[in-house]
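This report looks at how aromatic rings, charged side chains and a pocket are arranged in one protein chain. Please have the sequence and the model at hand while reading.

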Amino acid sequence: MSLNRRDFLYRSAGLMAAGWMAGGRLLAQAPAGSAPVAPPKTDPRPPAPPVVPEFHPLRRNVGYFTARGGTIGWLASPEALAVVDTQFADTAALCLAGLPGRAERTIDVVVNTHHHGDHTSGNGVFKPVAKTIVAQANVPVLQRAAAERAKPPTTDRQVYADTTFAETWRKELGDEVVSARYFGPAHTNGDAVILFEKANVVHMGDLMFNRVYPVIDRVSGASIRNWIVVLEKVAKEYPADAIYIFGHAGAKFGVSGQRAELLVLRDYLTALLEHVQTQITAGKTKAEVSTLENFPGFPDFHQKLPNRLGSNLGVAYDELTQAKG
Ligand SMILES: [Zn+2]
């Protein structure tokens, strides 16, 4: 199926209108005359901007969708439909509604790159119209544990993968082949790299934060040391001209890019560990190590406080000072 540019622009325009409405519903509107609802004191973030859903074709019927949360990858061919990650329930509905060429067709495969809520909370929207939800075997376990830890617990809202794999998974979908590989602990201990083999498009999930301080989920088994190894391996083993989809990106940077972007994050994580090791050797405490506002040498990552660097430094400290945990 050939999807031309005009089709996409048309769809995007329609979705944009729907998205603004959805965005309005997301914001709690105080009734006229009542006091505005104060945000929770623990959340320093400004209110979320309205959602603007966009479909971006990349190559050979594969593309990505952005609205809110982790980037969704999609395959939309005459023979098959697939999505990689599901964001949130409201944006998953927008993705499903605008998926190129869907009509009432069943989604052949939904893949979760890992368990985090901004990648799996739309699973329940896709499940009734999808043949299967696939994830690495640790994903449902980590998803359940995170839901139980949440305050209040969110266990009743979770929809889990029904097909899991330990190391690799692969499926023919019409004239495309989609495959997944687990490379060990990195961003969590359930991250998979998803490859659309014919299109040569690789969805990295949150193994890739493009020029923004990453989330390193140590409670869910993250390993900075192995994350560096994973990025090296993917950069070395996947085709040189692969197009990559990233889970997240800094405001000025794209959620899609090339191999070089992987090496930027590898360099940041390497420098992070080296910096923290130097501080530990100098006798600094975790609190002292974690106070840096921005990381020297990586200006593209810089962001005013609050940012995630303090957390990155703390996690690096824990990883370097504790054998396990
Ligand atoms: Zn994540």
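## Aromatic contacts and a pocket

Tyr213 has a relative accessible area of 1% and is therefore buried, since the cut-off for that class is under 20%. The model in which this value was computed is a predicted one. Tyr268 is likewise buried, with a relative accessible area of 0%.

In total, the structure holds 9 aromatic pairs. Tyr213 and Tyr268 form one of them, with ring centres 5.8 Å apart and planes at 50 degrees, so the pair is tilted; an angle under 30 degrees would count as stacked and one over 60 as edge-to-face. This contact links distant parts of the chain, because Tyr213 belongs to the loop between β12 (209–210) and α6 (224–237), whereas Tyr268 belongs to helix α7 (residues 259–281), 55 residues apart.

Tyr268 also pairs with Phe301, and here the rings are stacked, at 4.8 Å centre to centre and with 25 degrees between the planes. Again distant parts of the chain are linked: Tyr268 lies in helix α7, while Phe301 lies in the loop between α8 (286–289) and α9 (309–321), 33 residues apart. Phe301, at 2% relative accessibility, counts as buried.

The two ring pairs can be set side by side.

| Pair | Centre to centre | Angle between planes | Class |
|---|---|---|---|
| Tyr213 and Tyr268 | 5.8 Å | 50 degrees | tilted |
| Tyr268 and Phe301 | 4.8 Å | 25 degrees | stacked |

Which residues do ring pairs link into a cluster? The cluster consists of Tyr213, Tyr268, Phe295, Phe298 and Phe301.

Aromatic rings also meet charged side chains in this model. The ring of Phe88 has the charged end of Arg68 over it, 4.5 Å from the ring centre, and Arg144 is placed over the face of Tyr160, at 4.4 Å from the centre of that ring.

Turning to the pockets, the second largest has a volume of about 450 Å³. Its lining is made up of 14 residues, of which His116, Gly117, Ala146, Thr154 and Gln158 are the closest to the centre. Helices α3 (117–120) and α5 (138–149) each supply at least two residues of this lining, and α5 gives the most, with 4 residues. By residue class, the lining of the second largest pocket comprises 8 polar, 3 nonpolar and 3 charged residues.

Technical notes. Residues numbered from 1 in each chain as written. Predicted model: local features only at pLDDT ≥ 70, side-chain atom pairs only at ≥ 80, totals over all residues. Heavy atoms only, no water. 1 Å grid on protein atoms, 1.4 Å probe; cavity = no way out; pocket = protein on both sides within 12 Å on 5 of 7 lines; lining within 4 Å. Points joined across faces, edges and corners; volume = space filled by probe spheres on them. Nonpolar A, V, L, I, M, F, W, Y, C, P; charged D, E, K, R; others polar. Phe/Tyr/Trp six-rings, centres within 6.5 Å; stacked < 30°, edge-to-face > 60°. Buried < 20%, exposed > 50% of the residue type's maximum accessible area, 1.4 Å probe, protein only. Lys NZ or Arg CZ within 6 Å of the ring centre and 35° of its normal.
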